[in-house]
Each structure stands twice: as structure tokens, then as C-alpha cells.
Amino acid sequence: MRAYLVSSIAVTCAAALALPLTLATPAAGAGPGVAAPAVADPATVADPAAVASPGVAVAPAAAPDTAVAGSTQSLPLERLGPDRPRGRSSGPAESSAVRGLGRRDVRPFSLLGVVWDDVGAPLQGTVEVRTRTAADGVWSDWQGVETHNDEHGADPGTAEGRSGALHGSTAPLWVGDSDGVEIRVRPERHEGVDAPLPSGLRLELVDPGPEPAQDAPGTRVTRAAWTAAAAPATAEQTEAARVNADLAPVGADVIPALTRAQTLAGLPATAGAVTSRAAAAKPYIGPRPKIITRKGWGADEKLREKGFVYTKTIKAVFVHHSATGNRYTCKQAPSVLRSIYRYHVKSSGWRDIGYNFAVDKCGNIYEGRAGGVAKPVMGAHTLGFNTNSMGIAVLGSYGSTSPPAAAVTAIARLTAWKLGLHGVNPKAKTYLTSGGGNLYKKGRKVRFNVIAGHRDGFATECPGGRLYNKLGTARSASAKYQGRR
């Protein structure tokens with residue numbers, strides 16, 4: 001997997017061709033909070049190809065998704081009662097209220113989650129899964145899936161939030177290359193009565209698809225030839241790449257890093273990169289970090305809705321963990337990101353991946369939601385506080401595991417640059433107006449640290465206690481990168 005690496009041609013050309021930074025305004029007709037029309041129905045179902053082993057059920061066949069790279073298998077969950085046939089599960093007989101699927105062969109997948117019909121209905125229960133590794137056929141132990149995922153998503157009053165395509169969903173779980181699955185969903189009991197499970201429960205199995213093609217290493221070409229060779233082949237890819245054209249050639253796999261002096265030298269006075277005269281007179285902007293583009297990690301631009309949605313500015317950053325688990329290597333991070341992207345769009349019904357940026361455990365930074373890394377793209381990361389903010393997800397789960405120092409440093413470097421473009425001190429406080437949530441009613445003005453955790457805006461464990469405790473370190477380092485004391 002090479003999506004997070006820069007080929008020799010990209011390093012040679014991107015460093016030589018880095019253009020001055022300007023902050024282009026949203027395209028005509030795509031002002032703050034306005035989205036372009038949606039693409040066609042995003043539902044995807046793929047059929048299992050494996051042959052069942054004796055005593056093992058096989059998922060029902062359906063039409064494969066051949067229009068885009070990767071695939072999603074959507075399997076309705078069944079009632080698991082005491083009278084189910086033997087061989088369907090290795091565990092004891094379940095209550096009749098339990099839903100799930102017994103062991104079965106499925107098409108290869110690497111990430112899973114559970115979705116249901118009503119986005120407003122909570123899943124009051126626990127979800128446990130077992131998966132079979134494709135390489136050696138070994139079944140894993142039971143793993144829990146994070147069910148409290150409603151704190152993510154678009155703000156209720158936005159076009160995305162009102163979309164009829166939205167579904168309720170658990171957090172996604174990365175399990176690696178697998179070809180077998182078993183799942184059970186147990187309802188919570190309140191005063192001896194099972195809580196009702198939401199209707200339409202189904203298991204989503206996501207195959208991230210192959211790695212994106214990379215340029216051959218060691219090739220030296222002219223700027224015109226490089227740009228032509230690297231140019232996206234589709235209108236959707238071109239649309240996603242052009243919004244970063246002031247930072248790197250269209251079609252680049254990475255936006256190259258700059259020193260602080262280079263970053264400041266590339267800021268024209270008319271670019272709107274700072275929000276006050278004082279900031280313009282002495283801009284505190286950190287050096288631009290290397291950012292792997294959507295093309296670099298292999299985003300299929302046909303999945304998302306066309307066009308981009310912008311907010312007015314960036315006043316705060318919300319840090320998240322993806323809750324996908326820590327069983328991935330940095331080489332696999334692009335596959336994890338492609339899987340989350342597909343799950344957000346095809347399974348949860350969002351217009352694009354929810355996070356503005358992602359960071360892996362090695363400190364690599366990835367462009368998230370399309371619209372331009374230097375621009376105030378409205379995400380769907382912190383329900384109620386997506387306006388005038390951005391979301392960074394550290395890939396993994398950090399409730400009981402400490403985040404690597406490289407990931408914390410990446411948060412600091414990214415925020416020093418991006419907040420600096422908007423004249424914001426990473427160690428300061430700011431106010432955001434709630435769009436509605438379980439902590440703050442709609443319309444309430446809330447005071448936040450400029451670099452905040454997801455739990456500061458919503459009652460959630462995200463970004464995990466261990467990562468949350470590192471945000472003070474990130475704030476201080478970010479301010480130093482900006483040149484502040």
C-alpha cells in the first residue's frame with residue numbers, strides 16, 4: 001500500500017512546482033451552507049462470492065457494485081431465538097429479542113458497521129462481532145462495536161442534516177482482510193424489559209478496494225508533462241483537485257510541506273488568509289505540513305455528492321478518534337480511510353466523509369471532506385457545532401490506548417497552519433453557536449478551547465480519554481509552530 005508515500009516524481013515535481021498559497025472563494029452558486037445537487041441514489045449491495053462450508057450459512061446474493069472501486073455488502077439482521085438451527089452460532093441460545101447473523105462466508109471485506117432506518121432512533125443495546133481472517137481462516141474473539149455514533153453527523157438545520165438519505169449507524173470497526181462474519185445485537189434491559197431495537201437493522205461489510213495507481217518512481221518530466229500525466233481522468237476528480245490548485249499541481253498525490261518562511265512568503269495580502277489588520281501586520285501562521293490529497297489515498301470521487309459546502313471561517317477545531325480500533329498499520333491507513341469514506345456515504349447517507357482531516361498513528365495527515373484543505377469546508381463531525389469549525393480524526397481508538405506522539409504532533413502542525421490562515425491562536429478560547437445537540441440547545445453560545453475535544457460539544461467519550469488528555473500538549477505546540485510564545 002503506497003497511498004501515504006510520495007513517489008519520486010511527486011517529490012521532485014511537487015517541491016519544485018509548489019505555488020504561492022491563496023484562499024480562493026467558493027465557486028459561484030456554492031456559498032456558505034449551500035450545496036450542489038446530490039448524485040443518484042447511493043445504496044450499494046454486493047453479493048458474496050464464497051462457497052459455504054458444511055454447517056455454515058451463506059449471505060444472500062445481490063447485484064455487485066461495479067460502478068466504483070470497492071464494494072459494500074448489506075445484510076439484514078435476523079431474529080436469533082432458542083429455536084434457531086444448530087451450527088448458526090457457536091454461542092448459547094439467545095433471547096428472542098436478540099438480532100444477528102450466525103457464522104457465514106461472505107465476500108472479502110475489511111471494515112464493518114451496523115445501520116438502521118431512522119437516523120433519530122438510538123440503538124439501545126450492544127453489538128458484538130466475530131470475523132474470520134482471509135489469510136489463515138482463523139476466527140477472532142468477540143469484539144464490541146461502538147453504538148453511540150449519533151454525536152457525529154451534519155447539523156440538524158442544514159441541507160445535509162435534513163437529507164432523507166440519512167440512516168442511523170454505529171461507529172465503523174476495522175477488522176482487516178476478512179471473509180467470514182458472525183454478529184449479535186443484544187437490547188438493553190430496563191426494569192426487566194428489553195429496549196426496542198430500531199427497525200431495519202443490517203450489517204454493512206465494506207471492501208475498501210484496490211490501492212490507487214501511483215506514478216513510476218525515478219521518472220523526471222517537465223511541469224507541463226507532469227501535470228498532464230497526473231491530471232484526474234473524471235470530472236469529479238478534477239472538481240476535487242482544482243480547489244487545491246494553488247497549493248499543488250492538479251492531480252498531485254500530496255500537497256508538499258513548506259517551511260514557515262515559505263508559507264508566509266506565499267500569502268498575498270488580498271488572499272483573505274487572516275481576519276484582522278493586526279493579524280495581517282504580524283501573521284502567526286505555522287509552516288504548512290505535508291497533506292496527502294484525496295487522490296493520494298484513493299478517494300472515489302463518484303461516491304460523494306457533487307459540489308462543496310462552506311462555512312464562513314474556522315474558529316475552532318474538534319479532535320476525534322475514529323473508534324475503528326487500533327489493528328491497522330500505517331501502510332493500511334489509506335484503506336481504513338477509504339472504508340470510512342464509503343461507510344459514511346453509502347451506509348450512513350452523508351454527502352461525503354464527515355471529517356475535514358484525518359491523521360494516522362505515524363503522523364501522516366490526510367485531506368478529508370472535499371472542498372479545499374485551506375478553505376472553511378463544512379464537515380459533519382460534531383453534531384451541532386459544524387459551523388465555523390473543522391474536525392480532525394485520529395485513526396484508531398484512544399480510550400485505553402495512548403495516542404502516538406507522532407499523531408499529537410501532526411494535530412499541532414496541522415492546526416498551527418490552518419488556524420493561522422484564519423488569524424486564530426490555538427491556545428485561545430472562542431464562542432460557537434449550537435445547532436442543537438444533547439449538551440447545548442440550539443441557539444446557545446458556547447465557550448470552547450480553540451482546540452477542543454469532541455466531548456466538549458456533545459456527551460460522548462470521543463476522542464477517548466487518552467487522546468483528550470493530550471490536547472493541552474497539542475495547543476502549546478501548535479502555538480509555538482505559529483511563532484507565539
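Here follows a short conversation about the predicted model shown above.

Reader: Before we start, what pLDDT do local features need in this predicted model?

Author: Residues are numbered from 1 along each chain as its sequence is written, and side-chain values use heavy atoms, with hydrogens and water left out. Totals for chains, interfaces and linings use all residues, side-chain atom pairs count only at pLDDT 80 or more, and local features need pLDDT of at least 70.

Reader: Thanks! How many helices and strands does the chain have?

Author: Helices (H or I, at least four residues) and strands (E, at least two) are taken as DSSP runs, numbered from the N terminus. On that basis the chain comes to 10 helices and 20 strands.

Reader: What percentage of the 485 residues is buried?

Author: Buried means under 20% relative accessible area, exposed over 50%, and partly exposed in between, with a 1.4 Å probe and protein chains only. Of the 485 residues in the chain, the buried share is 54%.

Reader: Among contacts between residues at least 6 apart in sequence, what share joins residues at least 24 apart?

Author: A contact here means heavy atoms within 4.5 Å. Among the contacts in the chain between residues at least 6 apart, the share that joins residues at least 24 apart is 77%.

Reader: Which helix gives the most residues to the largest nonpolar core?

Author: A nonpolar core is a set of buried Ala, Val, Leu, Ile, Met, Phe, Trp, Tyr and Cys residues joined through side-chain atoms within 4.5 Å. The largest one has 54 residues, of which Ile291, Phe357, Leu395, Leu414 and Trp417 touch the most other members. With eight residues, the top contributor to this core is helix 8 (residues 405-421).

Reader: Happy to look at the rings next: how is the pair of Phe308 and Tyr310 classed?

Author: Rings of Phe, Tyr and Trp (its six-membered ring) pair if their centres lie within 6.5 Å; planes under 30 degrees apart count as stacked, over 60 as edge-to-face and the rest as tilted. The structure holds six aromatic pairs. For Phe308 and Tyr310, the centres are 6.5 Å apart and the planes at 70°, so the pair is edge-to-face.

Reader: And where in the chain do Phe385 and Phe448 lie?

Author: The ring centres of Phe385 and Phe448 are 5.0 Å apart and their planes stand at 80°, so this pair is edge-to-face. The pair links distant parts of the chain, 63 residues apart: Phe385 is in the loop between strand 16 (365-367) and strand 17 (389-394), and Phe448 is in strand 19 (residues 445-449).

Reader: Which ring does the charged end of Arg130 sit over?

Author: A charge sits over a ring if NZ of Lys or CZ of Arg is within 6 Å of the ring centre and within 35 degrees of the ring normal. Arg294 lies over the face of Tyr341, at 5.0 Å from the ring centre. For Arg130, at 5.8 Å from the centre, the ring is that of Trp142.

Reader: Lastly, which cysteine does Cys330 join in a disulfide?

Author: A disulfide is counted for a pair of cysteine sulfur atoms within 2.5 Å, and by this rule the count comes to one. Cys330 lies in the loop between strand 14 (316-321) and helix 7 (333-347), and its partner, 32 residues apart, is in the loop between strand 15 (357-359) and strand 16. Cys330 is buried at 9% relative accessible area, whereas the partner is partly exposed at 46%. With an S to S distance of 2.0 Å, that partner is Cys362.
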